[in-house]
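Here's a quick tour of some ring pairs, a couple of charges over rings and one serine with its surroundings. Have a look at the model first, then read on.

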Amino acid sequence: MTASTDTMTDHWIDGSPTTGAGAIAVVNPATGETIAEVPRGGTAEIDAAVGAAQRAFPAWSATPVADRVAAVLRIREGIKARHEELAQSITAEMGSPIAFSRSVQLGMPMASSKGVAGVAESFAWSEEIGNSLVVREPIGVVGAITPWNYPLHQVVAKLAPALVAGCTVVLKPSEVAPLTAGALAAITAEAGLPAGVFNVVHGTGPEAGEALAAHPGVDMVSFTGSVAAGRRVQEVGAATVKRVALELGGKSANIVLDDAELSKAVKVGLGNCFINGGQTCTAWTRLLVPEALHDQVVELAVAQTAKYGVGDPTDESTRIGPMSSATQQERVTQYLERGVADGAQLAVGGPGRPDGVSEAGAYVRPTIFAGVRRDMTVAQEEIFGPVLSVMPYSDVDEAVDIANSTIYGLAGAVFAGTQERGVEVARRMRTGQVDVNGGAFNPVAPFGGYKQSGTGRELGRYGLEEFLEIKSIQL
Ligand code: NAD
């Protein structure tokens, strides 16, 4: 699989592909082969893109909301029309199994863009408070910085609400998985988006990313990625007091109560841990179980793990592909070694290459650690691989305490005998979203983190509000 349009390897500035200096190789993690290159943008390209976005802002922000929504829906149609090409591209650049790319990597942007288009119609763009007319206005030029794990979804989750709000956008996509951003730029042009409303500058985080976050012409940065990079974006953005929205990492807990349906809790729980090879910010990587049920749960989880076939991501039956890069493979392996050294019991998996996979691919073994204590590194740090820590607890208070014992607070789950009991425990968890008994993902519910998992919320009405300023006009 190689880049299939000319625009895929260029920046996209002011409505046109723009060549740039330097080159960053895009490597297929299943084969180790370079499949494309993107230019290595920096201050000059960011300046040009921000300038284009500033020039486009007055007309775009004055475009009626219905027309902005219509543009987002045309972009959505463009994504739909290129569904297979985009799914193949994501699989090639970051190793997501093709069945998962088609269903989830492409399904999420379809759902989130439809969701924000839907809420825009009923949104209170103005209201009266006493003698004041309170209006919601676009914040201005948005700098968007995105990671590699859901390369199209993360971009659309920012672009669609920003466009509906009336903002213009400069995107710095992940340098690991930048190809769909190039394809999306072409789609926006086909959808008739005016020049300068959406711009893409490729490059590394410390170069293009920081130049974007620091730029005085950028009114807001919407960042998704690691805590370390998010912290840096906040620091750099502080010089111009811009709004900074951060969607960062997680170490989410799945609390299984003593009256829960155990087989469902383990099956759904493991699915949400191994999702996208565990490279998902909301992954439920800690499974908290009553002490008396620990061994039974581990047995069920080990049996369930056998269903997660690891291998070539282009194979329709593969459930776990390679890690997104050799760097990520190395990082996960180091955590596996650390878990063993810290005394976690290896129930299945561990360091090393899975059987039967290509030597050239960045594969790791799906792993379950049992008897994990909260002071262990594997219980505290985000691994971002297919690694589950099973942690015993003595009572519900201790379970909640363990769940809340990391720097993160992005997602989580509770499995309980009754919904009422599940919600009671969910309310005690310091985290931005909790699924009770496997409650389904809701693409218009607010999504974001407590604590160091970030600031702000994406998706639906809350995601739209993030890109708006509030003005009071006294009458
Ligand atoms: P990363 O932080 O390394 O990179 C994310 C983006 O930030 C990339 O575009 C990168 O180039 C850029 N970047 C890196 N350093 C920067 C800097 N100093 N200034 C400006 N930009 C910089 O993260 P990653 O490895 O691509 O993605 C994995 C991380 O993303 C995980 O921690 C994961 O939990 C998190 N994530 C969070 C969410 C969420 O919604 N909360 C969603 C997906 C991923």
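How many aromatic pairs does the count come to? The model is a predicted one, and the count comes to 5 aromatic pairs. One of them is made by Phe123 and Trp125: the ring centres are 4.9 Å apart and the planes meet at 70°, so this pair goes down as edge-to-face, given that an angle over 60 degrees earns that label. Both partners, Phe123 and Trp125, are buried.

Another edge-to-face pair is formed by Phe274 and Tyr308. Here are the two pairs side by side.

| Pair | Centre to centre | Angle between planes | Class |
|---|---|---|---|
| Phe123 and Trp125 | 4.9 Å | 70° | edge-to-face |
| Phe274 and Tyr308 | 5.1 Å | 85° | edge-to-face |

The Phe274 and Tyr308 pair links distant parts of the chain, with the two positions 34 residues apart in sequence numbering. Phe274 belongs to helix H10 (residues 262-274), while Tyr308 sits in the loop between helix H11 (294-305) and helix H12 (326-341). Are these two rings buried or exposed? Phe274 has 1% relative accessibility, so it counts as buried. Tyr308 comes in at 8%, and therefore counts as buried too, since the cut-off for buried is under 20%.

Tyr308 has another neighbour to mention: Arg319 lies over the face of its ring, 4.1 Å from the ring centre. A similar arrangement turns up with Arg461, whose charged end sits over the ring of Tyr462 at 4.8 Å from the centre.

Now for the serine. Where does Ser453 lie? You'll find it in the loop between strand S18 (435-436) and strand S19 (454-455). Its relative accessibility is 0%, so Ser453 counts as buried. The side chain of Ser453 reaches the backbone oxygen of Gly249 at 2.6 Å. Leaving aside residues up to four places away in sequence, Ser453 touches Leu246, Glu247, Leu248, Gly249 and Gly250, and also Ile407, Tyr408, Gly409 and Leu410.

Leu248, one of those contacts of Ser453, also leads us to Ala228: the C-alpha atoms of Ala228 and Leu248 are 9.0 Å apart in space, and the two residues are 20 apart in sequence. Ala228 is found in helix H9 (residues 227-238). Why does Ala228 count as exposed? Its relative accessible area is 53%, so it falls in the exposed class, which takes values over 50%.

Terms used: Residues are numbered from 1 along each chain as its sequence is written. This is a predicted model: local features need pLDDT of at least 70, side-chain atom pairs count only at pLDDT 80 or more; totals for chains, interfaces and linings use all residues. Side-chain values use heavy atoms; hydrogens and water are left out. Rings of Phe, Tyr and Trp (its six-membered ring) pair if their centres lie within 6.5 Å; planes under 30 degrees apart count as stacked, over 60 as edge-to-face and the rest as tilted. Buried means under 20% relative accessible area, exposed over 50%, partly exposed in between (1.4 Å probe, protein chains only). Helices (H or I, at least four residues) and strands (E, at least two) are DSSP runs, numbered from the N terminus. A charge sits over a ring if NZ of Lys or CZ of Arg is within 6 Å of the ring centre and within 35 degrees of the ring normal. A polar contact is a pair of N or O atoms within 3.5 Å; within protein, one must be able to donate a hydrogen and the other to accept it, and residues adjacent in sequence count only if both atoms are side-chain atoms. Contact means heavy atoms within 4.5 Å.
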